Amino acid sequence: GDGYLACGDPKAKPSYLVDKNLESAVKFIVRKFPAQQLAQLQKEKSEILKNLALYYFTFVDVMEFKDHVCELLNTVDACQVFFDITVNFDLTKNYLDLVVTYTTLMIILSRIEERKAIIGLYNYAHEMTHGASDREYPRLGQMIVDYENPLKKMMEEFVPHGKSLSDALISLQMVYPRRNLSADQWRNAQLLSLISAPSTMLNPAQSDTMPCEYLSLDAMEKWIVFGFILCHAVLNSDAAALSLWKLALQSSTCLCLFRDEVFHIHKAAEDLFVNIRGYNKRINDIRECKEQALGTMHRERRKFLRSALKELATVLADQPGLLGPKALFVFMALSFARDEIIWLLRHADNIQKKSTDDFIDKHIAELIFYMEELRAHVRKYGPVMQRYYVQYLSGFDAVVLNEMNLSVCPEDESIIMSSFVNTMTSLSVKQVEDGEVFDFRGMRLDWFRLQAYTSVSKASLGIADHKELGKMMNTIIFHTKMVDSLVEMLVETSDLSIFCFYSRAFEKMFQQCLELPSQSRHSICFPLLCAHFMSCTHELCPEEVRTRTHTPLGRNRSLSLCNMFLDEMAKQARNLITDICTEQCTLSDQLLPKHCAKTISQAVNKKSKKATGKKGEPEREKPGVESMRKNRLLVTNLDKLHTALSELCFSINYVPNLVVWEHTFTPREYLTSHLEIRFTKSIVGMTMYNQATQEIAKPSELLTSVRAYMTVLQSIENYVTIDITRVFNNVLLQQTQHLDSHGEPTITSLYTNWYLETLLRQVSNGHIAYFPAMKAFVNLPTENELTFNAEEYSDISEMRSLSELLGPYGMKFLSESLMWHIASQVSELKKLVVENMEVLTQMRTSFDKPEHMAALFKKLTSVDSVLKRMTIIGVILSFRSLAQEALRDVLSCHIPFLVSSVEDFKDHIPRETDMKVDGESEEYKIACLLMVFVAVSLPTLASNVMSQYSPAIEGHCNNIHCLAKAINQIAAALFTIHKGSIEDRLKEFLLASSSLLKIGQETDKMTTRNRESVYLLLDMIVQESPFLTMDLLESCFPYVLLRNAYHAVYKQSISANA
């Protein structure tokens, strides 16, 4: 096997066979093989010896195996052994297997193209090194030459063995035709059905030829084809032999030699017989059978087996106790199905396509699935079967065997028979209950010995005369296997590790299975099959088995295939779920408030009997129409998706985990991780953020879509046992951070970015104003219309939706980003204060000297800039308070008790009243002067045409009402940091602001056009502040002025509206 695999695979070829320097030497050796004369390999000889030894001695092993086989076959002939598969089953089976193994090995040997080069090159190097040929070389060389055409040589070789071989083969005449029936014959016999005859349901499934019932059809066909090629003379003389031969030729067109290496029967047989005189009739038989060897019969069989295995698996799942009496049915079903699957695999890969339908089976997954189901039942309910057969062996088999009347029974045979009875009598159910490990291998080996003793011609107890003993013992051996060899029986009857060598066909079958919705529920059988690959190693190839340095054959392939299959299944399910989510999002989108405007306007128009523009305008379909069914036959797209999903999820949920080699795969985890990735992408995708146009979805609309998505995901729990809450937690928590775990932007970063860079930037550009009355930002009428309506992104409901989406962490990130912008404005303001330091210091001591103040004010620079920056800070703080308020509302709904506890804690925490003033540090001084700067600059606002107060919005269109928030919070922040008295500084601010009184005496209409509106700012500052009172304001600014100002602005707004 090793030599064959290595030479068959170009990558594994010995390097000397492809070495350019040795090319001519190799050609010469092959041409003159086995004779040798060369003189140019002096320096490579030791390397060649070392590297080709493994290959050379593998060929020597083949030769030695051949010697032993020939010796054994001669012994068998000399003893005139009696062969009958229905009587001495083990002896006959092993004899036929030996012949087939020998034949197969010689055919494979002849297919190794480099055999002469390897053997010749090795021997030449041996001669150069040791001065003589390797001692095995002459015989080995001769064997290679003799077996150029192996079957032809073996036909001559087997002439003396013809009698034994043909006897063994002809004994199949009762077994093979019965196993090789058409599906209709199976159907009529109600094969494998437990429920066709309910009265006999509990009777044990019996047969005189128990081991023949689940014998592989594949093995029998190999025996017949190779056997009758080797002893072909019997085809002319025995009708039974001819009918077996024809039946086998009609069943298959190619046989498996080794793994995916095949033997084309008809061509090979014809080539061999064509040179034999008088074989025209045989050649015609071969041609006729080839014409009939179509796949239709096998296709029908697979169809029958699908329904038969389904019924069997369903009944046994419901009544596992039936596994006792009907165990034979299970192994027959597995063996029949396995034969058909392997037949399809082999022929689909090696057939010149005549009718492809016979070689493409889209329902193959279903058959494999039911096989896996039966295997699982046997593994799960093994103890049930053990109990049944332990009682059967001790209570029935032992008694019958003991009473068997044998005319002559020599001593050795008698001892073996007695040991059988004793072994069986000593069994008890308690051993099963105690979990004892049974081992009947010794007993089975003894029976094999007994078959050998009793099958030779001079045996005093001849099994040929006591066939009932053979039949009885074959049944007993089956019963022992049901106790100690269930796993081995499963491998013998249902191992599909052959798929390891047909991985392309395997992957294609899987793809076909996923594409067909009715089959996708069986797709789990493909990952389950990967566990079979553990048994794809060959006992004669020790290098395929795991060693410290060597990975076992098939391990990496089975792991990668299993991973790929589960991944594809999860992807398919994820795509279906995504499609359902898209449909549901569309439906929930129809329920958004914005869509009812049209319906309302239609209703209003009807009432007012206004003629609508176009006649017969079609009625808009109301949401929910899709749920109204005229009849049950109507299948919507959603129905199809749900059906496909439930089928696929059945498969994903079929096993909690599966073990392949030492790895454990959990199908549901594949789905969970795919859902997490897709949910993350979908949430970010549904924000529809466009960097170029700065468009983004409204938070409320995104929230509706996310909820629709989550509802669908929640429903997945009805199909698969997964924790969808874990998916939500993982995904939604990551969305509250700046970046997710893959370093991608989240909705938190997208919305934070949009509110800062788009909405608040347009506020500072004067296109949007904050309306305290509406608690929202609103677009102002400007020449360039904005692409979005600010109110639709900043009103209470939108901010609450934003809080729901981003959660406390996301809102904290938003808040921190806002504060960062405020900090940068404050540092700019400090620079402006430093520029005007001298003037401001003088002003701070001259509040009571109006003329001096007016003169100093004229020396100040950047007055507008200070007010603009303070207004921006106020706007950002107003937005921040909207966001915080929305978050509080949301949290009060979600965690009311926790929120009230925190608020209570905040209200009762002791306030630090006496703050220590840390001497007039530079920073502290700048902070004090900043307040002065702002205060003395306020009067200039009166000259701005936009500074007019509007009672409707409870603010000014140029956002100067936000100064109240800015002044209070900046003062609180700066004087907390610098440990100053916030109250004293704000009093100082009010004193400085009393310069507003000055504009009351101005006569210039332009500078005083909005003075009343600006007066109101002082009232707002006091209202906003927890430190200032109206009494303090009264002391430096008469309240009567404020009252008159309110009166004036309200009067002004009424006349403007009129």
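This tour moves through a predicted model and names, at each stop, what to select and what is found there.

**The enclosed spaces**

Rolling a probe the size of a water molecule over the atoms reveals where empty space remains. Across the whole structure, a search of this kind finds 6 cavities of 30 Å³ or more.

Begin with the largest cavity, which holds about 60 Å³ of space. Select Phe89, Asp90, Pro211, Tyr214, Asn474, Ile477, Phe478 and Lys481 to display its lining. Two helices, H4 (89–111) and H24 (467–484), each supply at least two residues of this lining. Helix H24 gives the most, with 4 residues. Colouring the lining of the largest cavity by class will show 5 nonpolar, 1 polar and 2 charged residues.

Proceed to the second largest cavity, with about 50 Å³ of space. For its lining, select Leu217, Asp218, Glu221, His298, Asp339, Glu340, Trp343 and Arg346. Here the elements giving two or more residues are helix H12 (217–230) and helix H18 (327–350). Helix H18 gives the most to this lining, with 4 residues. By class, the lining of the second largest cavity divides into 2 nonpolar, 1 polar and 5 charged residues.

**Salt bridges**

Side chains of opposite charge can pair when their charged atoms come close. The count of salt bridges in this model comes to 49. The next selections take up several of them.

Return to helix H24 and select lysine 467 together with aspartate 84. These two residues form a salt bridge in which the closest N and O atoms are 3.9 Å apart. Lysine 467 lies in helix H24 and aspartate 84 in the loop between helix H3 (45–78) and H4, so the pair ties together parts that are 383 residues apart in sequence. The two partners can also be viewed with the surface switched on: lysine 467 is partly exposed, with a relative accessible area of 35%, while aspartate 84 counts as buried at 11%.

Next, select lysine 246 and aspartate 285, whose side chains meet in a salt bridge (3.9 Å, N to O). This pair links distant parts of the chain, with lysine 246 in helix H14 (residues 239–251) and aspartate 285 in helix H16 (residues 280–292), 39 residues apart. Lysine 246 counts as partly exposed at 27% relative accessibility. Aspartate 285, by contrast, has a relative accessible area of 4%; it is buried because that value is under 20%.

Keep aspartate 285 selected and add arginine 282. The side chains of these two residues also meet in a salt bridge (3.0 Å, N to O). Both residues lie in helix H16, 3 residues apart, about one turn of the helix. Arginine 282 is buried, as is aspartate 285.

For a view of salt bridges that share partners, select Asp67, Arg135, Glu136 and Arg139, which are joined into one network.

**Loops with positive phi**

Select methionine 688, in the loop between helix H31 (667–686) and helix H32 (699–715). Its phi is near 50°, a positive value in a residue other than glycine. Methionine 688 counts as exposed, at 56% relative accessibility.

Move on to glutamate 954, in the loop between strand E7 and strand E8 (955–956). Phi of glutamate 954 is near 55°, again positive in a residue other than glycine. With a relative accessible area of 44%, glutamate 954 is partly exposed.

**Exposed nonpolar residues**

Select valine 945, located in the loop between helix H41 (922–937) and strand E7 (949–950). Valine 945 is exposed, with a relative accessible area of 54%. Now add arginine 1009, which is 64 residues away along the chain; the C-alpha atoms of the two residues are separated by 7.4 Å.

For the last stop, select Ile895, Leu898 and Val902. Together these residues form a nonpolar patch on the surface, with about 270 Å² of accessible area. Within the patch, centre the view on leucine 898, which lies in helix H40 (residues 896–908). Is leucine 898 buried or exposed? Its relative accessible area is 52%, so leucine 898 counts as exposed, the cut-off being over 50%.

Conventions:
Residues are numbered from 1 along each chain as its sequence is written. This is a predicted model: local features need pLDDT of at least 70, side-chain atom pairs count only at pLDDT 80 or more; totals for chains, interfaces and linings use all residues. Side-chain values use heavy atoms; hydrogens and water are left out. Patches are made of residues with over 30% relative accessible area and no salt bridge: like charges are joined within 9 Å, nonpolar side chains (Val, Leu, Ile, Met, Phe, Trp, Tyr) within 5 Å. Accessible areas come from the Shrake-Rupley method with a 1.4 Å probe; for residues, only the protein chains shown count as cover. A salt bridge is a side-chain nitrogen of Lys or Arg within 4 Å of a carboxyl oxygen of Asp or Glu. Buried means under 20% relative accessible area, exposed over 50%, partly exposed in between (1.4 Å probe, protein chains only). On a 1 Å grid over the protein atoms alone, a cavity is a set of points where a 1.4 Å probe fits but cannot get out, and a pocket is an open set with protein on both sides within 12 Å along at least five of seven lines; lining residues have an atom within 4 Å of a point. Grid points are joined across faces, edges and corners, and a volume is the space filled by probe spheres set on the points. Ala, Val, Leu, Ile, Met, Phe, Trp, Tyr, Cys and Pro count as nonpolar, Asp, Glu, Lys and Arg as charged, and the others, Gly among them, as polar.
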